[in-house]
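Grab a pencil and work through these exercises with the structure open beside you. Try each task yourself before you read the solution.

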Amino acid sequence: MLIAGAGGFVGTCCRYLTNQCFLSYWKQNLLPLATFTVNIIGCLIMGLILGTIQKHNLIDPRINAAIIVGFCGGFTTFSTFSFESLYMGQQMGFLYPVIYIICSVVVGVLAMALGLLLTR
């Protein structure tokens, strides 16, 4: 449990720093680029880790707890993604959140697949 918490702490700090970087460049944050970025990077990292685990037969629950559950869980965010999608719909109309949701899911799955492919 502590190793997952440590991974989550690091992931959450990285998420916060990523968000701050995006806010320093884009003051108006109607397009949730920081959330999109961390979610896609998190999918890529998870694909890389899972691919490495499969390739080298590294079944170690500590790796799963620290990196996949902890870091990726703390780094990525579904609740913020959901909130920002609803907020965007209220501010910009129906089309923008639909495009954001579709792009997030499609690019996220592609990033996961890329991570798996890169470890082969």
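**Exercise 1. Get an overview**

Find out what share of the residues of the protein chain count as buried, and describe how its elements run.

*Solution.* Start with burial: of the 120 residues of the protein chain, 31% count as buried. Keep in mind that you're looking at a predicted model. Next, count the elements: there are 5 helices and 0 strands. Reading from the N terminus, that gives α-α-α-α-α.

Now for the dimensions. Along the principal axes, the C-alpha atoms fill a box of roughly 45 × 30 × 25 Å. The accessible surface comes to about 7700 Å², and carbon and sulfur atoms account for 74% of that surface.

Last, look at the contacts between residues at least 6 apart in sequence: 74% of them join residues at least 24 apart.

**Exercise 2. Check the helix spans**

Work out what span H2 should have at 1.5 Å a residue, and compare the result with the distance between its end C-alpha atoms.

*Solution.* The rule takes 1.5 Å times one less than the number of residues. H2 has 24 residues, so it should span 34 Å. Its end C-alpha atoms are 34 Å apart, which agrees.

Try H5 the same way. Here, too, 24 residues should span 34 Å, and the ends are 34 Å apart, so the numbers agree.

Then take H1, residues 2–25. Its 24 residues reach 35 Å from the first C-alpha to the last, close to the expected 34 Å.

One extra detail sits just past H2: asparagine 57 follows the helix, and its phi is positive, near 55°.

**Exercise 3. Find what covers the buried residues**

For H1, H2 and H5, list the buried residues and say which helices help to cover them.

*Solution.* Go helix by helix.

- H1: the buried residues are Gly7, Gly8, Gly11, Arg15, Thr18 and Phe22. Their cover includes H2, helix H3 (61–75) and H4.
- H2: Ala34, Thr35, Val38, Asn39, Ile40, Gly42, Gly47, Ile49, Gly51 and Ile53 are buried. H1, H3, H4 and H5 are included in what covers them.
- H5: here you should find Pro97, Tyr100, Ser104, Gly108, Ala111 and Gly115. Helix H2 (33–56) and helix H4 (78–92) are among their cover.

**Exercise 4. Zoom in on two residues of H2**

Decide whether threonine 35 is buried or exposed, do the same for asparagine 39, and list what each one touches beyond its sequence neighbours.

*Solution.* Threonine 35 is in helix H2. Buried means under 20% relative accessible area. Threonine 35 has 1% relative accessibility, so it counts as buried.

Leaving out neighbours within four places in sequence, threonine 35 is in contact with Arg15, Thr77, Thr80, Phe81, Glu84 and Tyr100. Look more closely at glutamate 84: its side chain makes a polar contact with the side chain of threonine 35, at 2.7 Å. For a sense of distance, try isoleucine 3, which is 32 residues from threonine 35 in sequence and 25 Å away in space, C-alpha to C-alpha.

Asparagine 39 also sits in helix H2. With a relative accessible area of 15%, asparagine 39 is buried, because that value is under the 20% cut-off. Residues up to four places away aside, asparagine 39 touches Thr76, Thr77 and Phe81.

**Exercise 5. Contrast two residues of H5**

Is proline 97 buried or exposed, and what about leucine 95?

*Solution.* Proline 97 is found in helix H5. Its relative accessibility is 8%, so proline 97 counts as buried. Not counting residues up to four places away in sequence, proline 97 touches Ser85, Met88 and Gly89. Histidine 56 is another story: its C-alpha atom is 40 Å from that of proline 97, and the two are 41 residues apart along the chain.

Leucine 95 lies in helix H5 as well. Its relative accessible area is 55%, and exposed means over 50%, so leucine 95 is exposed.

**Exercise 6. Map the nonpolar patch**

Which residues make the nonpolar surface patch, and which helix gives the largest share?

*Solution.* The patch covers about 770 Å² and is made by Tyr25, Trp26, Leu31, Leu33, Leu95, Tyr96 and Ile99. Helix H5 (residues 95–118) gives the largest share, with 3 residues.

Key:
Residues numbered from 1 in each chain as written. Predicted model: local features only at pLDDT ≥ 70, side-chain atom pairs only at ≥ 80, totals over all residues. Heavy atoms only, no water. Patch = residues over 30% accessible without salt bridge, like charges linked within 9 Å, V, L, I, M, F, W, Y side chains within 5 Å. Areas by Shrake-Rupley, 256 points an atom, 1.4 Å probe, with all protein chains shown as cover. Salt bridge = Lys/Arg side-chain N within 4 Å of Asp/Glu carboxyl O. Helix = DSSP H or I, 4+ residues; strand = E, 2+ residues; numbered from the N terminus. Buried < 20%, exposed > 50% of the residue type's maximum accessible area, 1.4 Å probe, protein only. Contact = heavy atoms within 4.5 Å. Polar contact = N/O pair within 3.5 Å; in protein donor to acceptor, adjacent residues only side chain to side chain.
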